[in-house]
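I opened my notebook to look through this structure one step at a time. Here is what I looked up, in the order I did it.

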Amino acid sequence: MAAITSSVPFAEAPARRKTFPFLLIALLLPMAIINFVAFVLPVIRLGMISFIESRSGGVLTNNYTLENYADFFTDSFSIELVSNSLILGFGVTLITLCCAYPIALFLHRVSPKWRNMLFVITVSPLLVSSVVRTYGWMVILGDQGVFNGILMSSGIIDSPLRLTNNTLGVFIGMVEVLIPYMALSLIAGFGRLENVYEEAAASLGANSWTRFRRVILPLTAPGIALGCLLCFVLSISSFITPKLLGGGRVFLLATEIYDQAVIQLEWPTAAAISVIVLIIFGLALAVYSRVVKRFD
Amino acid sequence: MKRISRHVLSATLFAATMLSGAYANAADITVMGYRGPFEDNYKKAVIEPFMKAHPDIKVNYYGVQNAATSLGNMRAQRDAPQVNAVIYDLSVAKIAKEEGLVADLDTSKLSNYADVSDIGKDLGGAAIPLTYDTLTLIYNSKAFPTAPTSWETLWDKAQAGKVVLPAQGGGDIQAILLTIISNRLAGEQDYKNTIDPGVDKLVELAPRVQTWEPKPDAYTLVANGTATVSIGWNARSQFYFDQTEGRMGSVGPTEGTASQINVVSAIEKASEPEATQTFINYAIGPEAQAAFAKAMFYAPVNTKTQVDEATAKRIPMMDPAQREKLIPVDWMTIGDMRDDILQPWRRKIIPAGR
């Protein structure tokens, strides 16, 4: 065997390198085909539907038009949908970051003995479906729920607080659903943070706030950027939690797509809004890559 | 021994030939319709007796969330339908007909069609009336020891925060009918003139509404006391009345109510058109209509249907006094007015309750 190996001329190595791309392509091909069939083709079809003209009542015609987009951009209600979605996206991302950052930092610093167990506890909500967790919040926050029950029975309030069936309920539910995602992203991006940098800063006289601002925050910025991107995209596209906790009062792009397709039967309008949401996602990704490049 | 073997072989061949012949003649059709209690009861009351009467036709039921989902499936399967017939709402059937998704059956070949009431026959053989239902006021029996009698109960200040109105995504046909009813309560009799008075009246109600998207549904929230009053369909209300042992009640208010029409259509380009037609004819016949009315309290469309007194009492469409007060709704023009009626829900009514 050794003889065979040694007898292979060194000049054959470039030939082996030539076959490498074929292997790479062969390995990538199944995923590329699945991606093309399950993602690219439906998105192309979605784009085509967004240009179909529909008559009153949602009847589809064979004509193509730009009206679906024109109607969207000239309607103040649509602008409200975009602003509601962006406010929810940015708001939920910010609150989630504030809640998850201390948890992630603690997990990064805790001794390895405890880290694994605490890490599992942090991400354990992901083991339960977000639908089930949202129903849980409906039970906790409802007029006859646990929270109002405690406040009323202790005499703090006379009538129940409206904590659900409104925007507040959606924010509470969304933040809880997204905290594990944010924590995971933050921990993944904390690789560059080491205690020696903080110790060095402290030895040079930096107080804890300055150490956080000048050392910890810049070193954890890639994790923050990743977590924010993930939470923003998930918030903008979230559908179940706003539907269950919004009480029909919270109109967002994602809920509007469902309503237009399933309730109003206006498929072209639903498709046009979907394309607009995809563009928003694209913009978010572009901002993320620019931010990450800056940190690198 | 040889003779016995030959006999056995012949008998086996004969049986196999007969069975294969029977299999070749058997038809397998699929009916798409509402899932949940509708599906369960429709299978028991209509499909199973039909298959007993027609052993050569096997009927499968494919349950979907609502009529819009049915329309979506029909659009997706336009060139290769996987269902043969669909049970859905008349207003959605109009869209399906205009898009060429349903077959226009020759009604002269349906022996029971002549006995079907005229209400909802607008689309001819493309959408044949199957059931009638009415919008009702539903209430929590503990909160209302005496049943309310008027739609105005929804506006009762004592019920503030305890009213739920199903208007998912800015409303569907329940919201349309409530707009028409509110319009009449506000003094405008014809919704085709204007719906503004009705919209103003609903704006007044909005701050007292607990939720516009009751989960899992209005019937459950009213039955368990989370809400005290809402609107719903009579058939489901009666069904839930039994299920909840009377914790939720249902009433056809004195001002009158409006009807909703479910229809059945044969799918264009689907296989087994004759078996499908046989099933549709059976579904609109008096036997199937009576059985489903007893099971689910939908008003029968066949005028020759015999329904027992106890069941008839719980179906407003079968009460001559209620039927006389039925608010006329032209579902053929509602399709064109749909946007005009539902836009105010998203822009004025629901925002007024934030």
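**Entry 1: Chain B as a whole**

I began with how much of chain B is tucked away: of its 354 residues, 49% count as buried. I kept in mind from the start that this is a predicted model. Next I looked up the secondary structure, and chain B has 13 helices and ten strands. I then checked the extent of the C-alpha trace, which spans about 90 × 40 × 35 Å along its principal axes. Last, I looked at contacts in chain B between residues at least 6 apart in sequence, and 73% of them join residues at least 24 apart.

**Entry 2: The two domains of chain B**

I looked up the domain assignment of chain B. Domain 1 takes residues 2-132 + 261-315, and domain 2 takes 133-259 + 326-353. I noted that the C-alpha centres of domain 1 and domain 2 of chain B lie 31 Å apart.

How many residues of domain 1 of chain B are in contact with domain 2? I found 17 residues of domain 1, in contact with eleven residues of domain 2. On the domain 1 side, the elements that give two or more residues are helix H4 (90-98) and strand E4 (128-140) of chain B. H4(B) gives the most to this side, with four residues. I also sorted the residues of the domain 1 side by kind, and they divide into eleven nonpolar, two polar and four charged.

**Entry 3: A closer look at H4(B)**

Since H4(B) had come up at the domain contact, I stayed with this helix. H4(B) is mostly covered, with eight of its nine residues buried. I wrote down some of the buried ones, including B:Leu90, B:Val92, B:Ile95 and two lysines, B:Lys94 and B:Lys97.

What covers the buried residues of H4(B)? My list includes three helices of chain B, H3 (67-76), H5 (173-185) and H13 (331-349), along with strands E3 (85-89) and E9 (259-266). I also noted that B:Gly100, just after H4(B), takes a positive phi of about 70°.

**Entry 4: Two loops of chain B**

I turned to the backbone of chain B next. The peptide bond from B:Lys215 to B:Pro216 is cis, with omega near 0°. B:Pro216 has its place in the loop between strand E6 (209-211) and helix H7 (218-223) of chain B.

B:Glu245 also caught my eye: its phi is near 55°, a positive value in a residue other than glycine. I found B:Glu245 in the loop between helix H8 (234-243) and strand E8 (248-251) of chain B. Is B:Glu245 buried or exposed? B:Glu245 is exposed, because just 9 other C-beta atoms lie within 10 Å, and a residue with 12 or fewer counts as exposed.

**Entry 5: Where chain A meets chain B**

I moved on to the contact between the chains, which takes 20 residues from chain A and 27 residues from chain B. On the chain A side, helix H11 (240-245) and helix H12 (253-263) are the elements that give two or more residues. H12(A) gives the most to this side, with four residues. The residues of the chain A side divide into nine nonpolar, eight polar and three charged.

**Entry 6: Inside chain A**

I checked the UniProt record for chain A. The unreviewed entry places the feature "domain: ABC transmembrane type-1" at residues 82-288. That span is 77% helix and 0% strand, and its end C-alpha atoms lie 20 Å apart.

I then picked A:Leu265, which has a positive phi of about 65° although it is not a glycine. A:Leu265 has its place in the loop between H12 and helix H13 (267-295) of chain A. A:Leu265 is buried, because 25 other C-beta atoms lie within 10 Å, and 20 or more is enough to count as buried.

My last stop was A:Arg211, which lies in helix H10 (residues 208-236) of chain A. A:Arg211 is partly exposed, with 18 other C-beta atoms within 10 Å. Leaving out residues up to four places away in sequence, A:Arg211 touches A:Glu198, A:Ala201, A:Ala202, A:Ala206 and A:Ile216. I also looked up A:Ser130, 81 residues from A:Arg211 along the chain, and the C-alpha atoms of the two are separated by 37 Å.

How values were computed
Residues numbered from 1 in each chain as written. Chains lettered and ligands numbered in written order. Predicted model: local features only at pLDDT ≥ 70, side-chain atom pairs only at ≥ 80, totals over all residues. UniProt positions renumbered as here; feature names shortened; annotations may be inferred. Contact = placed C-beta atoms within 7 Å. Nonpolar A, V, L, I, M, F, W, Y, C, P; charged D, E, K, R; others polar. Domains from an automatic or database assignment.
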